[in-house]
Amino acid sequence: MKQSGILQLTLLGATGSIGRSTLDVISRHSDRYKVFALTANTNVDAMEKLCEQWQPEFAVMNDESSATQLGSRLRRKNIRTEVLSGVSGLLQVVEDDAVDCVVAAIVGAAGLVPTLASAKAGKRVLLANKEALVMSGKLFMDAVRDNNALLMPVDSEHNAVFQCMPDSLTAHHTSVKMTNSEAKSGIKRILLTASGGPFRTWSAEQLRDVTPEQAVNHPNWDMGRKISVDSATLMNKGLELIEAYWLFDMDIANIDVVIHPQSVIHSMVSYEDGSVLAQLGNPDMRTPVAHALAWPERIESGVEPLNIFDVAKLDFEQPDLDRFPCLRLCYEAISMGGTASVVLNAANEVAVDAFLESKIGFTDIARLIEQTLNAATITQDVSSLELILEADVTARTITNKCISAMH
Ligand code: NAD
Ligand code: MG
């Protein structure tokens, strides 16, 4: 934190759902946080409004033409934000010495390079972009440790697990210190909760006819389109299993997925002595964002406290891996190791895009991921970013070919 006591923040993915939640939380705490940089894909209108409101030092657009457009609009309004573009722009705004904290909220593999760079630059990293960790696992966690970064999970389940971990671990000021297995402090299991998505009770036949509109309409959470589809296929929970495996250095056999349709318990940690600690709250991402921003302090997030009498009833079920094969494929990718998680993630991104464009059906998503995992050469060497990005590109080509073959 700078002498002024104000934390300077780069928000990757400012126009998205997590981006909005983050800006809402920090708007309540102008004495603690200042926006240094905002980034987005191509939405110039949304970024123009955000720059007007937040007056950041930098704005980064994915492509040059969006950046040029944004730049000229801001100049016309006498807004002094400097507009950059592409990966070089993203790297500049995460690596700048003025930046204390990076909120990694780009969706998908596109977030990997800047998210990894923020760990390498030793920042406080608020990780929402789970795909980055799924792809780069060990490389990412090593970068956090070697560069003394502070990794705070924003994904609600992982943030809940973090909150249920003993102080003796979290007081190390970095969750990565949890990788000292001797310091596990009696933790036996992690119970990751899942809402089960909008099709939890649907039959295999019904699932075949799911439309994109139905899939993006999540019962409990308001999220971006890609993660909404992932929640509907349970791929999101599979990606979160892999995320928990890396974040908490936990054997996958000791991580349970628990279907909990009310989304009130955000996850649990089970201890040697029989205690099970849970974190509860209304399903609103401003809670984990506020926790990750302020930890070890607590700040107001704008989220209403949970009314336990309104909730009244909590249900728990086993996940059904037959109706939701994406979750099974995640277990398989973990046991294959190496580039398998990269391939799984890439195939999923391509398949979800194709589903959202109505080019394939809902149940084709899992089928395409399985085909890609079978066709790709899985290698165990994931020691460099180049190898990971290469596996990602190759897998996308395979999935796209499989989609073409379907038509
Ligand atoms: P979203 O689609 O609402 O927003 C994505 C953001 O990323 C946007 O700002 C967009 O401009 C930017 N972006 C997209 N493609 C880009 C590219 N190629 N280059 C640069 N920027 C790009 O997504 P979201 O729901 O906010 O999710 C963001 C991340 O957080 C995802 O990894 C998701 O899994 C994770 N997450 C989201 C939630 C949630 O409740 N929304 C919860 C937990 C984790
Ligand atoms: Mg989650």
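**Figure 1. A salt bridge within helix α15 joins Arg328 and Glu332.** In this predicted model, the closest N and O atoms of Arg328 and Glu332 are 3.0 Å apart. Both residues belong to helix α15, where they are separated by 4 residues, about one turn of the helix. Arg328 has a relative accessible area of 26% and is therefore partly exposed. Glu332 is likewise described as partly exposed, because its relative accessible area is 29%. Elsewhere, salt bridges with shared partners join Asp24, Arg28, Asp284, Arg286 and Glu300 into one network.

**Figure 2. Arg286 forms salt bridges with Asp24 and with Asp284.** The closest N and O atoms of Asp24 and Arg286 lie 3.0 Å apart. This pair connects distant parts of the chain, since Asp24 is in helix α1 (residues 17–27) and Arg286 is in helix α13, 262 residues apart. For Asp284 and Arg286, the closest N and O atoms are 2.8 Å apart. Is Arg286 buried or exposed? Its relative accessible area is 16%, under the cut-off of 20%, so Arg286 counts as buried. Asp24, at 26% relative accessibility, is partly exposed. In the structure as a whole, the search finds 29 salt bridges.

**Figure 3. Helix α13 is mostly covered.** How many of the 9 residues of helix α13 are buried? The helix spans residues 286–294, and 8 of its 9 residues are buried. These are Arg286, Pro288, Val289, Ala290, His291, Ala292, Leu293 and Ala294. One member of this group, Ala290, has its C-alpha atom 9.2 Å from that of Ser21, although the two residues are 269 residues apart along the chain. Ser21 is located in helix α1. With a relative accessibility of 13%, Ser21 is classed as buried.

**Figure 4. Helices α5 and α18 pack against each other.** Two packed helices are described by the angle between their axes and by the distance between the axes. Helix α5 comprises residues 112–120, and helix α18 comprises residues 385–406. The angle of packing is about 160 degrees, and the axes are 12 Å apart. Because of this angle, α5 is roughly antiparallel to α18; the cut-off for this description is an angle over 145 degrees. The crossing of α5 and α18 is right-handed.

**Figure 5. A nonpolar patch on the surface includes Phe316.** Which residues form the patch? They are Leu280, Ile308, Phe309, Leu314 and Phe316, and together they have about 510 Å² of accessible area. Phe316 is found in the loop between α14 (308–311) and α15 (325–336). Its relative accessible area of 44% lies between the limits of 20% and 50%, so Phe316 is partly exposed.

**Figure 6. Thr201 and Arg323 are 9.7 Å apart in space, C-alpha to C-alpha.** In sequence, Thr201 and Arg323 are 122 residues apart. Where does Thr201 lie? Thr201 is part of the loop between β8 (187–194) and α9 (204–208). Its relative accessibility is 61%, and residues over 50% count as exposed; Thr201 is therefore exposed.

Notes. Residues are numbered from 1 along each chain as its sequence is written. Chains are lettered from A and ligands numbered from 1 in the order in which they are written. This is a predicted model: local features need pLDDT of at least 70, side-chain atom pairs count only at pLDDT 80 or more; totals for chains, interfaces and linings use all residues. Side-chain values use heavy atoms; hydrogens and water are left out. Patches are made of residues with over 30% relative accessible area and no salt bridge: like charges are joined within 9 Å, nonpolar side chains (Val, Leu, Ile, Met, Phe, Trp, Tyr) within 5 Å. Accessible areas come from the Shrake-Rupley method with a 1.4 Å probe; for residues, only the protein chains shown count as cover. A salt bridge is a side-chain nitrogen of Lys or Arg within 4 Å of a carboxyl oxygen of Asp or Glu. Helices (H or I, at least four residues) and strands (E, at least two) are DSSP runs, numbered from the N terminus. Buried means under 20% relative accessible area, exposed over 50%, partly exposed in between (1.4 Å probe, protein chains only). Axes are lines fitted to C-alpha atoms, for helices over the stretch in contact, and angles run from 0 to 180 degrees between N-to-C directions. Angles under 35 degrees count as roughly parallel, over 145 as roughly antiparallel, 65 to 115 as roughly perpendicular and the rest as oblique. A crossing is left-handed if the near helix is turned anticlockwise from the far one by less than a right angle, and right-handed if clockwise.
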